[in-house]
Amino acid sequence: MRRQFTSHAISAIALLTLGALPVGAADNSAIKDKAAVCSGCHGENGISQTENIPSLAGQPDQFIQWQLVFFRAGSRKNDQMQPIVEEITNEDIRSFGAYFSQMTPPKAAEDNDPDLSKKGAQVAVGRRCASCHTDSFAGTKAVARLAGQREEYLIKALHDYKAGARVGGGVAAMADVAYHMSDEEITAVSHYLAHLK
């Protein structure tokens, strides 16, 4: 198990080192054609219309790359993603990161429960979410954008972290944060972030 993790970690580091290279030379229409398979679940222009499927538009480049590496390495599992990531190259991963990061992020829906958002804002402060996800919750580098993400997906992701079904990267900060959150906190902070303008 340790050998497999080390192998995945080395692959991820090598990929991200390569990710520092410019993608400008890549054929934009070729990237768009390859990314068309993503729109079936993640929506046109990277904005999901499907329950429990995240929007990719506006996610940080490195975050998208890392998630694809985790899926391909098997450290993050999803029945729909697995067959797709088995077919993509390191170059594809770098291209997808650049492609989706440049799209306009989803606009937050009108907040139908401002009291719940207020509680969620308090949870976000108490759990120090902005220390990684930035003050605007737009994410940065390998850290996800949360603002405007689908609410039920955020709830699912936090429950997955809490249950250990998703580990994240680096020092696994998300698993540690989510483990200590109550269901009420998860619901409130997800509502707040999904409706954050």
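**An all-helix fold and its helix contacts**

Of the 197 residues in the protein, 39% count as buried (buried means under 20% relative accessible area, exposed over 50%, and partly exposed in between, with a 1.4 Å probe and protein chains only). The model is a predicted one, in which local features need pLDDT of at least 70 and side-chain atom pairs count only at pLDDT 80 or more, while totals for chains, interfaces and linings use all residues. Residues are numbered from 1 along each chain as its sequence is written, and side-chain values use heavy atoms, with hydrogens and water left out.

A good place to begin is the overall build. The protein has ten helices and zero strands (DSSP runs numbered from the N terminus, of H or I and at least four residues for helices, of E and at least two for strands). Its pattern along the sequence therefore reads α-α-α-α-α-α-α-α-α-α. The accessible surface comes to about 11,300 Å², and 55% of this belongs to carbon and sulfur atoms (Shrake-Rupley method, 1.4 Å probe; for residues, only the protein chains shown count as cover). Among contacts between residues at least 6 apart in sequence, 71% join residues at least 24 apart (contact means heavy atoms within 4.5 Å).

Helix 10 (residues 183–194) takes part in two of the packings described here, and the partner in one of them is helix 8 (residues 151–163). The axes of helix 8 and helix 10 lie 8 Å apart, at an angle of about 140° (axes are lines fitted to C-alpha atoms, for helices over the stretch in contact, and angles run from 0 to 180 degrees between N-to-C directions). Helix 8 is thus oblique to helix 10 (angles under 35 degrees count as roughly parallel, over 145 as roughly antiparallel, 65 to 115 as roughly perpendicular and the rest as oblique). The crossing of helix 8 with helix 10 is right-handed (the near helix is turned clockwise from the far one by less than a right angle; anticlockwise would be left-handed). Contributors to the contact include Leu154, Ile155 and Leu158 of helix 8 and Ile186, Val189 and Leu193 of helix 10. By class, the residues of this contact are seven nonpolar, four polar and three charged (Ala, Val, Leu, Ile, Met, Phe, Trp, Tyr, Cys and Pro count as nonpolar, Asp, Glu, Lys and Arg as charged, and the others, Gly among them, as polar).

Helix 6 (residues 114–126) also packs on helix 10, at an angle of about 105° and with the axes 7 Å apart. That makes helix 6 roughly perpendicular to helix 10. Among the residues in contact are Gly120, Ala121 and Ala124 of helix 6, together with Ala188 and Tyr192 of helix 10. This contact divides into seven nonpolar, four polar and two charged residues.

Earlier in the chain, the axes of helix 3 and helix 5 (residues 90–101) come within 7 Å and cross at roughly 140°. These two helices are therefore oblique to each other, and their crossing is right-handed. The contact includes Ile64 and Leu68 of helix 3, and Ile93 and Phe96 of helix 5.

Finally, some individual residues deserve a look. Asn52, in the loop between helix 2 (28–42) and helix 3 (61–73), has a phi near 65°, a positive value in a residue other than glycine. Asn52 is partly exposed, at 30% relative accessible area. Lys141 sits in the loop between helix 7 (130–133) and helix 8, and has a positive phi of about 50° although it is not a glycine. Lys141 counts as exposed at 59% relative accessibility. Gly40 belongs to helix 2 and is exposed, with a relative accessible area of 63%.
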